[in-house]
Amino acid sequence: MATANDLERSSWSALQTDVMDEILKYFYGTTDVDAVFAIWKTCKAWRSTVRSIVPYPPSDPRYPYLLSLKDQTCRFVHPFYGHTFCLEFPELLDTHIRFSKFGWLLLTRGDYTHFFFNPFTRHKIDIPDNFMPKNHYAQCIKMCFDDCYIVGIGPCGLFLFVPSQSWKLYMYLQDSNWESNLSKEVFVGRDRAQASHSHPVIHKDKCYVLGLDGHLLVFDFKTRKFDLIWQPFLQKKVDSVYRSFLVINNGKLLGIFEFDGRNKILIRELKISTKRWQKVSDIGDKMVYVSYGSSFIGSAPTGVEGGKIYFPQVLEDECIFYSLTSRKCQSSSNSYSSKSPVDVEELTNCTWIESLPFKKN
């Protein structure tokens, strides 16, 4: 026998498409983002209709989107509501996401072509080819940028690009050469270093590159010199580290370390004055979003529990996070809970991107 709730849900889902369209037009583009997502979650029929009517992701300043790129299709997944949008960008065909900030993507096509692209406005900014040498030393493996610099980490050095100037290669020399103690610990592309997925981080005129066991290579933009923070706290456990990420939290560096079993997460905070890592067991109301392209940290919205680390993992339309409270991988709808991320999709060519209002050309 149907309940009153079933009948009400059925009557809502039976609304005609044109009526649904008018309802969406009323809410969409307003500050009431929750209403848009509430409509989407009403039932499968409404979900399908929303996807056909709403052409781009709703702006939600409380959360970044998890954006993945396959061929020329960008897939946006909302980490809390599990809302998914797919948009076609022919200009992104055969590109790889390197970094994201301020709502912009930094992408690479081939080995030496780099450009910025804003998926919310479809604006593109080319980085001139002649600013970068055409040789294997210039094949950037990891990149980042802020409003002053673009940094690329290659197999043999750090490339620094300053707008209106040119690329410059800075070699780190330790005990006579670059490879003496960093190639296996810090930089991606050789031996075990492929396990480290951390992108460089720019903070207060310095660039930080994280190693698997907690080593940090620091490049000072002002002095153009390197420093090495050589205080590995995972020296005995480095062989079991699956991947590591670096984020900025209130002016401090946080290292996120995930182990091979993927059921254990360690968080460490770097005290720059003493160059030592300190144990962090609780991040309070913070939400951490880490990926191969970019990582963010922010406060949980009102009414939402913090203490979560979102990795680039999805199950159907839901992002999977690691809860520091339950020590389990979970979904926001509570439909998924596991000690390790089993049967989830691991995204690679992806990044977290700040949610901005979409604008047509």
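The exercises below treat a predicted model of one protein chain, each with a worked solution.

Residues are numbered from 1 along each chain as its sequence is written, and side-chain values use heavy atoms, with hydrogens and water left out. Because this is a predicted model, local features need pLDDT of at least 70 and side-chain atom pairs count only at pLDDT 80 or more, while totals for chains, interfaces and linings use all residues.

**Exercise 1. The chain as a whole**

Task: State how many helices and strands the chain has, and what percentage of its residues is buried.

Solution.
- Step 1. Helices (H or I, at least four residues) and strands (E, at least two) are DSSP runs, numbered from the N terminus. The chain has 4 helices and 27 strands.
- Step 2. Buried means under 20% relative accessible area, exposed over 50%, and partly exposed in between (1.4 Å probe, protein chains only). Of the 361 residues in the chain, 52% are buried.
- Step 3. Contact means heavy atoms within 4.5 Å. Among contacts between residues at least 6 apart in sequence, 49% join residues at least 24 apart.

**Exercise 2. Strands S4 and S5**

Task: Describe how S4 and S5 pair, and find which residue in their turn has a positive phi.

Solution.
- Step 1. Two strands pair if DSSP finds at least two bridges between them. S4 and S5 have 6 bridges and pair in the antiparallel sense. One bridge partner can be named: Phe99 is matched with Leu106 in S5.
- Step 2. The two strands form a hairpin with 2 residues between them, and Phe102 in the turn has a positive phi of about 60°. Phe102 is partly exposed, at 41% relative accessibility.
- Step 3. On the other side of S4, the loop between strand S3 (84-88) and S4 holds Asp94. Asp94 is not a glycine, yet has a positive phi of about 65°. Its relative accessible area is 58%, so Asp94 counts as exposed.
- Step 4. As for S4 itself, 5 of its 7 residues are buried, so the strand is largely enclosed by the rest of the structure.

**Exercise 3. Strands S16, S17 and S18**

Task: Find the pairings of S17 with S16 and with S18, and decide whether S17 is largely enclosed or not.

Solution.
- Step 1. S16 and S17 are antiparallel, with 8 bridges. Val241 has Phe259 in S17 as its bridge partner.
- Step 2. The hairpin of S16 and S17 has 2 residues between the strands, and Asn250 in the turn shows a positive phi of about 50°.
- Step 3. S17 also runs antiparallel to strand S18 (residues 265-271), to which 6 bridges join it. Here Phe257 stands opposite Leu266.
- Step 4. The hairpin of S17 and S18 has 5 residues between the strands, and Arg262 takes a positive phi near 60°.
- Step 5. In S17 (residues 252-259), 7 of the 8 residues are buried, so the strand is largely enclosed by the rest of the structure.

**Exercise 4. The largest pocket**

Task: Give the volume of the largest pocket, and say which strands each supply at least two residues of its lining.

Solution.
- Step 1. On a 1 Å grid over the protein atoms alone, a pocket is an open set of points where a 1.4 Å probe fits, with protein on both sides within 12 Å along at least five of seven lines; lining residues have an atom within 4 Å of a point.
- Step 2. The volume, which is the space filled by probe spheres set on the points, is about 330 Å³ for the largest pocket.
- Step 3. Its lining has 18 residues, and Lys101, Val201, Ile248, Ser295 and Phe296 lie nearest the centre.
- Step 4. At least two lining residues come from each of S4 (95-101), S8 (142-145), S12 (201-203), S16 (241-249) and S21 (296-299).

**Exercise 5. Phe296**

Task: Place Phe296 in its strand, decide whether Phe296 is buried or exposed, and list some of its contacts.

Solution.
- Step 1. Phe296 belongs to strand S21.
- Step 2. With 17% relative accessibility, Phe296 is buried.
- Step 3. Leaving aside neighbours within four places in sequence, Phe296 is in contact with several residues, including Pro64, Ser100, Trp352 and Glu354.
- Step 4. Phe296 and Glu354 are 58 residues apart along the chain, and their C-alpha atoms are separated by 8.8 Å.
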